[in-house]
Amino acid sequence: MSSIETIRSFLETHVKEIGAVVLATAALLFVRKLRQAPRQVFPRNVVIHHQVGRGPFAPSIMPFAVKLETYLRMVKVPYKNVHDSYQHRSSKGKLTWIEYNGTQVADSEFSIKFINQTFGVDPDKHLTEEQKAMGYAMQVMVEEHTYWAVTLFRWVYERAEKINKYLGVPAILRYFLVEGLRKKCKAQGLGLHTPQEVRQIMAADLRTLQSFLGNKLFLLGDEPCKVDCAIFGLLSQMYWQSFGGENETTIKEFPGLCSYCERMKARFWPDWDDCITQGGTKAATN
(Lines give C-alpha, C1' and ligand atoms only; values in the text may rest on other atoms or scores of the structure.)
Protein backbone atom coordinates (compact mmCIF):
# COMPACT_ATOMS: atom_id res chain seq x y z
CA MET A 1 0.00 0.00 0.00
CA SER A 2 1.37 3.44 -0.97
CA SER A 3 1.86 6.18 1.63
CA ILE A 4 -1.08 8.16 0.18
CA GLU A 5 -3.38 5.15 0.43
CA THR A 6 -2.21 4.53 4.00
CA ILE A 7 -3.04 8.12 4.97
CA ARG A 8 -6.44 7.93 3.23
CA SER A 9 -7.25 4.67 5.03
CA PHE A 10 -6.29 6.17 8.37
CA LEU A 11 -8.45 9.24 7.80
CA GLU A 12 -11.46 7.16 6.79
CA THR A 13 -11.25 4.87 9.83
CA HIS A 14 -10.55 7.61 12.38
CA VAL A 15 -12.84 10.36 11.12
CA LYS A 16 -14.70 10.71 14.44
CA GLU A 17 -11.51 10.94 16.50
CA ILE A 18 -10.00 13.50 14.12
CA GLY A 19 -13.20 15.56 14.16
CA ALA A 20 -13.21 15.59 17.95
CA VAL A 21 -9.59 16.78 18.06
CA VAL A 22 -10.32 19.56 15.57
CA LEU A 23 -13.38 20.70 17.54
CA ALA A 24 -11.50 20.60 20.83
CA THR A 25 -8.60 22.59 19.39
CA ALA A 26 -10.92 25.22 17.94
CA ALA A 27 -12.75 25.55 21.25
CA LEU A 28 -9.48 25.88 23.18
CA LEU A 29 -8.18 28.60 20.86
CA PHE A 30 -11.46 30.49 21.16
CA VAL A 31 -11.37 30.40 24.97
CA ARG A 32 -7.72 31.46 25.05
CA LYS A 33 -8.53 34.42 22.84
CA LEU A 34 -11.32 35.48 25.20
CA ARG A 35 -8.98 35.30 28.18
CA GLN A 36 -6.43 37.63 26.63
CA ALA A 37 -8.55 40.67 27.55
CA PRO A 38 -6.78 42.85 30.17
CA ARG A 39 -8.20 43.05 33.69
CA GLN A 40 -9.98 46.23 34.74
CA VAL A 41 -9.06 48.48 37.65
CA PHE A 42 -12.01 48.55 40.03
CA PRO A 43 -13.11 51.19 42.58
CA ARG A 44 -12.33 50.55 46.24
CA ASN A 45 -14.92 49.71 48.90
CA VAL A 46 -17.35 48.39 46.28
CA VAL A 47 -18.25 44.73 45.82
CA ILE A 48 -17.38 43.73 42.26
CA HIS A 49 -19.87 41.12 41.11
CA HIS A 50 -18.38 39.10 38.27
CA GLN A 51 -20.94 37.34 36.11
CA VAL A 52 -21.87 36.67 32.51
CA GLY A 53 -23.89 39.24 30.56
CA ARG A 54 -27.53 40.11 31.16
CA GLY A 55 -30.16 37.55 30.20
CA PRO A 56 -33.02 37.86 27.72
CA PHE A 57 -35.91 37.66 30.21
CA ALA A 58 -34.21 37.52 33.64
CA PRO A 59 -31.14 39.49 34.79
CA SER A 60 -28.84 36.52 34.15
CA ILE A 61 -29.00 33.06 32.61
CA MET A 62 -27.11 31.85 35.69
CA PRO A 63 -29.29 31.20 38.75
CA PHE A 64 -26.39 31.83 41.11
CA ALA A 65 -25.79 35.26 39.59
CA VAL A 66 -29.44 36.18 40.18
CA LYS A 67 -29.12 34.80 43.72
CA LEU A 68 -26.02 36.83 44.55
CA GLU A 69 -27.18 40.08 43.00
CA THR A 70 -30.56 39.78 44.73
CA TYR A 71 -28.71 39.35 48.02
CA LEU A 72 -26.56 42.42 47.37
CA ARG A 73 -29.76 44.36 46.82
CA MET A 74 -31.38 42.86 49.92
CA VAL A 75 -28.57 43.99 52.25
CA LYS A 76 -28.07 47.29 50.38
CA VAL A 77 -24.33 46.85 49.90
CA PRO A 78 -22.61 48.99 47.23
CA TYR A 79 -21.76 46.80 44.27
CA LYS A 80 -20.83 46.93 40.62
CA ASN A 81 -21.62 44.31 37.99
CA VAL A 82 -18.79 43.31 35.68
CA HIS A 83 -19.85 41.01 32.87
CA ASP A 84 -16.51 39.35 32.26
CA SER A 85 -16.62 35.93 33.88
CA TYR A 86 -16.42 34.00 30.61
CA GLN A 87 -12.94 35.49 30.28
CA HIS A 88 -12.12 35.73 33.99
CA ARG A 89 -13.51 32.88 36.04
CA SER A 90 -12.94 32.53 39.75
CA SER A 91 -10.13 30.46 41.25
CA LYS A 92 -12.60 27.57 41.41
CA GLY A 93 -13.76 28.00 37.83
CA LYS A 94 -17.05 29.60 38.91
CA LEU A 95 -18.86 32.04 36.61
CA THR A 96 -20.39 33.95 39.53
CA TRP A 97 -17.96 35.40 42.07
CA ILE A 98 -16.95 38.62 43.79
CA GLU A 99 -13.91 40.63 44.72
CA TYR A 100 -13.57 43.43 47.21
CA ASN A 101 -10.51 45.66 47.51
CA GLY A 102 -8.40 42.99 45.85
CA THR A 103 -9.80 40.03 47.83
CA GLN A 104 -11.40 37.46 45.55
CA VAL A 105 -14.14 35.10 46.75
CA ALA A 106 -15.37 32.16 44.67
CA ASP A 107 -18.85 30.62 44.93
CA SER A 108 -22.06 32.54 45.67
CA GLU A 109 -22.53 31.12 49.17
CA PHE A 110 -19.01 31.96 50.31
CA SER A 111 -19.44 35.38 48.71
CA ILE A 112 -22.53 35.97 50.86
CA LYS A 113 -20.65 34.95 54.02
CA PHE A 114 -17.84 37.34 53.10
CA ILE A 115 -20.33 40.17 52.53
CA ASN A 116 -21.95 39.52 55.92
CA GLN A 117 -18.61 39.59 57.73
CA THR A 118 -17.19 42.57 55.84
CA PHE A 119 -20.25 44.82 56.06
CA GLY A 120 -21.74 43.53 59.33
CA VAL A 121 -25.10 42.63 57.77
CA ASP A 122 -27.43 39.76 58.60
CA PRO A 123 -30.96 39.64 57.12
CA ASP A 124 -31.57 36.41 59.06
CA LYS A 125 -31.01 37.77 62.57
CA HIS A 126 -34.75 37.75 63.32
CA LEU A 127 -35.06 34.03 62.56
CA THR A 128 -35.08 31.21 65.10
CA GLU A 129 -32.55 28.40 64.84
CA GLU A 130 -35.35 26.08 63.73
CA GLN A 131 -36.33 28.46 60.93
CA LYS A 132 -32.73 28.74 59.80
CA ALA A 133 -32.44 24.96 59.75
CA MET A 134 -35.58 24.55 57.66
CA GLY A 135 -34.48 27.29 55.28
CA TYR A 136 -31.11 25.63 54.87
CA ALA A 137 -32.77 22.31 54.05
CA MET A 138 -34.95 23.95 51.39
CA GLN A 139 -31.95 25.73 49.88
CA VAL A 140 -29.90 22.54 49.69
CA MET A 141 -32.80 20.74 47.99
CA VAL A 142 -33.12 23.48 45.38
CA GLU A 143 -29.42 24.14 44.73
CA GLU A 144 -28.11 20.59 44.97
CA HIS A 145 -31.06 18.66 43.54
CA THR A 146 -33.64 20.71 41.65
CA TYR A 147 -30.84 22.65 39.95
CA TRP A 148 -29.62 19.51 38.20
CA ALA A 149 -33.08 18.69 36.89
CA VAL A 150 -33.39 22.22 35.50
CA THR A 151 -29.92 21.89 33.97
CA LEU A 152 -30.80 18.59 32.32
CA PHE A 153 -33.85 20.00 30.58
CA ARG A 154 -32.32 23.32 29.54
CA TRP A 155 -28.92 22.15 28.38
CA VAL A 156 -28.99 18.39 27.80
CA TYR A 157 -32.47 17.19 26.79
CA GLU A 158 -33.19 20.36 24.79
CA ARG A 159 -29.50 20.50 23.77
CA ALA A 160 -29.57 24.24 24.61
CA GLU A 161 -31.49 24.88 21.38
CA LYS A 162 -34.16 27.06 23.01
CA ILE A 163 -31.81 29.23 25.03
CA ASN A 164 -29.25 29.44 22.25
CA LYS A 165 -31.69 31.39 20.08
CA TYR A 166 -30.87 34.28 22.42
CA LEU A 167 -27.23 33.47 23.23
CA GLY A 168 -25.83 32.60 19.83
CA VAL A 169 -23.17 30.20 21.13
CA PRO A 170 -21.17 28.72 18.21
CA ALA A 171 -22.15 25.14 17.39
CA ILE A 172 -18.71 23.78 18.29
CA LEU A 173 -18.74 25.29 21.77
CA ARG A 174 -22.37 24.35 22.33
CA TYR A 175 -21.58 20.72 21.55
CA PHE A 176 -18.84 20.58 24.19
CA LEU A 177 -20.96 22.52 26.66
CA VAL A 178 -23.88 20.11 26.33
CA GLU A 179 -21.72 16.99 26.50
CA GLY A 180 -19.78 18.35 29.47
CA LEU A 181 -22.99 19.02 31.38
CA ARG A 182 -24.35 15.61 30.44
CA LYS A 183 -21.33 14.01 32.13
CA LYS A 184 -21.66 16.21 35.21
CA CYS A 185 -25.35 15.35 35.55
CA LYS A 186 -24.58 11.64 35.30
CA ALA A 187 -21.85 11.97 37.91
CA GLN A 188 -24.29 13.80 40.20
CA GLY A 189 -26.83 11.01 39.68
CA LEU A 190 -29.91 12.69 38.23
CA GLY A 191 -28.54 12.31 34.72
CA LEU A 192 -28.85 8.52 35.00
CA HIS A 193 -32.65 8.73 34.94
CA THR A 194 -34.98 9.10 31.97
CA PRO A 195 -36.37 12.56 31.11
CA GLN A 196 -39.78 11.41 32.36
CA GLU A 197 -38.31 10.36 35.70
CA VAL A 198 -36.35 13.61 36.04
CA ARG A 199 -39.53 15.54 35.34
CA GLN A 200 -41.27 13.68 38.18
CA ILE A 201 -38.37 14.42 40.52
CA MET A 202 -38.39 18.11 39.62
CA ALA A 203 -42.15 18.35 40.17
CA ALA A 204 -41.79 16.62 43.54
CA ASP A 205 -39.19 19.18 44.62
CA LEU A 206 -41.40 22.08 43.56
CA ARG A 207 -44.42 20.55 45.29
CA THR A 208 -42.39 20.28 48.50
CA LEU A 209 -41.23 23.87 48.16
CA GLN A 210 -44.75 25.17 47.54
CA SER A 211 -46.12 23.20 50.49
CA PHE A 212 -43.46 24.66 52.76
CA LEU A 213 -44.12 28.18 51.46
CA GLY A 214 -47.84 27.79 52.14
CA ASN A 215 -49.55 31.14 52.68
CA LYS A 216 -46.37 32.94 53.71
CA LEU A 217 -45.21 35.88 51.60
CA PHE A 218 -41.65 34.59 51.61
CA LEU A 219 -40.08 31.27 52.46
CA LEU A 220 -39.72 31.81 56.21
CA GLY A 221 -42.29 34.49 56.90
CA ASP A 222 -43.57 37.91 55.93
CA GLU A 223 -40.05 39.28 55.39
CA PRO A 224 -37.52 37.86 52.94
CA CYS A 225 -34.23 36.38 54.13
CA LYS A 226 -31.02 35.01 52.66
CA VAL A 227 -32.49 31.70 51.55
CA ASP A 228 -35.11 33.51 49.46
CA CYS A 229 -32.31 34.78 47.23
CA ALA A 230 -31.18 31.23 46.47
CA ILE A 231 -34.71 29.95 45.86
CA PHE A 232 -35.53 32.94 43.65
CA GLY A 233 -32.29 32.52 41.71
CA LEU A 234 -33.28 29.11 40.41
CA LEU A 235 -37.01 29.70 40.10
CA SER A 236 -36.34 32.84 38.03
CA GLN A 237 -34.81 30.61 35.36
CA MET A 238 -37.80 28.30 35.28
CA TYR A 239 -40.46 31.01 35.44
CA TRP A 240 -39.08 33.64 33.07
CA GLN A 241 -36.30 32.01 31.13
CA SER A 242 -37.29 28.52 29.99
CA PHE A 243 -38.50 29.65 26.56
CA GLY A 244 -41.53 27.38 26.58
CA GLY A 245 -39.55 24.34 27.62
CA GLU A 246 -40.27 21.67 30.23
CA ASN A 247 -38.93 23.81 33.09
CA GLU A 248 -41.54 26.48 32.40
CA THR A 249 -44.33 23.95 31.96
CA THR A 250 -43.47 22.38 35.31
CA ILE A 251 -43.24 25.52 37.45
CA LYS A 252 -46.53 26.82 36.09
CA GLU A 253 -48.22 23.81 37.68
CA PHE A 254 -47.42 25.52 41.01
CA PRO A 255 -49.13 28.92 41.11
CA GLY A 256 -47.89 29.59 44.64
CA LEU A 257 -44.30 29.55 43.40
CA CYS A 258 -45.16 31.74 40.41
CA SER A 259 -46.70 34.34 42.74
CA TYR A 260 -43.62 34.08 44.95
CA CYS A 261 -41.40 34.90 41.97
CA GLU A 262 -43.48 37.98 41.22
CA ARG A 263 -43.23 39.13 44.87
CA MET A 264 -39.44 38.76 44.90
CA LYS A 265 -39.18 40.62 41.62
CA ALA A 266 -41.37 43.47 42.90
CA ARG A 267 -39.42 43.75 46.17
CA PHE A 268 -35.85 43.69 44.85
CA TRP A 269 -35.96 44.34 41.12
CA PRO A 270 -37.99 47.49 40.39
CA ASP A 271 -35.59 48.07 37.50
CA TRP A 272 -36.09 44.53 36.12
CA ASP A 273 -36.86 45.75 32.59
CA ASP A 274 -33.59 47.68 32.55
CA CYS A 275 -31.66 44.56 33.60
CA ILE A 276 -32.78 42.29 30.76
CA THR A 277 -32.32 42.38 27.01
CA GLN A 278 -36.01 41.91 26.22
CA GLY A 279 -35.34 38.76 24.29
CA GLY A 280 -32.15 40.11 22.77
CA THR A 281 -33.88 43.12 21.18
CA LYS A 282 -31.94 45.73 23.16
CA ALA A 283 -28.98 46.18 25.44
CA ALA A 284 -29.64 46.14 29.18
CA THR A 285 -29.09 49.58 30.71
CA ASN A 286 -28.47 48.46 34.29
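## The E3–E4 hairpin

Let's start at the turn between E3 and E4, where Asn101 takes a positive phi near 50 degrees. Two residues sit between the strands of this hairpin. Keep in mind that the model is a predicted one.

The hairpin's strands run antiparallel, with four bridges joining E3, residues 97–100, to E4. One facing pair here is Tyr100 in E3 and Thr103 in E4. As for its side chains, E3 is covered on both faces: Trp97 and Glu99 go to one side, Ile98 and Tyr100 to the other, and all of them are buried.

## The rest of the sheet

Zoom out and the hairpin turns out to be part of an open, four-stranded sheet, ordered E2-E1-E3-E4. Its pairing is mixed. The edges are E2 (79–82) and E4 (103–106), each of which pairs on one side only. Ignoring direction, neighbouring strands are turned by 25 degrees against each other on average.

E1 makes two pairings. With E2 it goes parallel, over four bridges, and His50 stands opposite Val82 there. With E3 it goes antiparallel, over three bridges, and this time it's His49 that stands opposite Ile98. E1 also sends its side chains both ways: Val47 and His49 point to one side, Ile48 and His50 to the other, and every one of these four is buried.

## Helices against the sheet

Helix H3, residues 63–74, packs on the sheet and touches E1 (47–50), E2 and E3. The direction of H3 makes about 160 degrees with that of E1.

Helix H4 (residues 108–119) is worth a look too, and Ser111 is the residue to pick out in it. How buried is Ser111, in terms of relative accessible area? The value is 0%, and since anything under 20% counts as buried, Ser111 qualifies. Setting aside neighbours within four places in sequence, Ser111 is in contact with Leu68, Trp97, Ile98, Val105 and Ala106. Two of those partners, Trp97 and Ile98, have already come up as buried residues of E3.

## H5 meets H7

Next, a helix pair. H5 covers residues 129–157 and H7 covers residues 171–188, and they pack with their axes 10 Å apart, at an angle of about 150 degrees. Roughly parallel or roughly antiparallel? Angles over 145 degrees count as roughly antiparallel, so that is the label H5 gets relative to H7. The crossing of the two helices is left-handed.

On the H5 side, the contact is made by Glu144, Trp148, Thr151, Leu152, Trp155 and Val156. They meet Leu177, Val178, Leu181, Arg182, Lys184, Cys185 and Gln188 in H7. By type, the contact residues split into eight nonpolar, two polar and three charged.

## The chain overall

Stepping right back, the chain has eleven helices and four strands. It runs to 286 residues, of which 46% count as buried.

How do its contacts spread along the sequence? Taking contacts between residues at least 6 apart in sequence, 73% join residues at least 24 apart.

Key
Residues are numbered from 1 along each chain as its sequence is written. This is a predicted model: local features need pLDDT of at least 70, side-chain atom pairs count only at pLDDT 80 or more; totals for chains, interfaces and linings use all residues. Side-chain values use heavy atoms; hydrogens and water are left out. Two strands pair if DSSP finds at least two bridges between them. Axes are lines fitted to C-alpha atoms, for helices over the stretch in contact, and angles run from 0 to 180 degrees between N-to-C directions. Contact means heavy atoms within 4.5 Å. Angles under 35 degrees count as roughly parallel, over 145 as roughly antiparallel, 65 to 115 as roughly perpendicular and the rest as oblique. A crossing is left-handed if the near helix is turned anticlockwise from the far one by less than a right angle, and right-handed if clockwise. Ala, Val, Leu, Ile, Met, Phe, Trp, Tyr, Cys and Pro count as nonpolar, Asp, Glu, Lys and Arg as charged, and the others, Gly among them, as polar. Buried means under 20% relative accessible area, exposed over 50%, partly exposed in between (1.4 Å probe, protein chains only).
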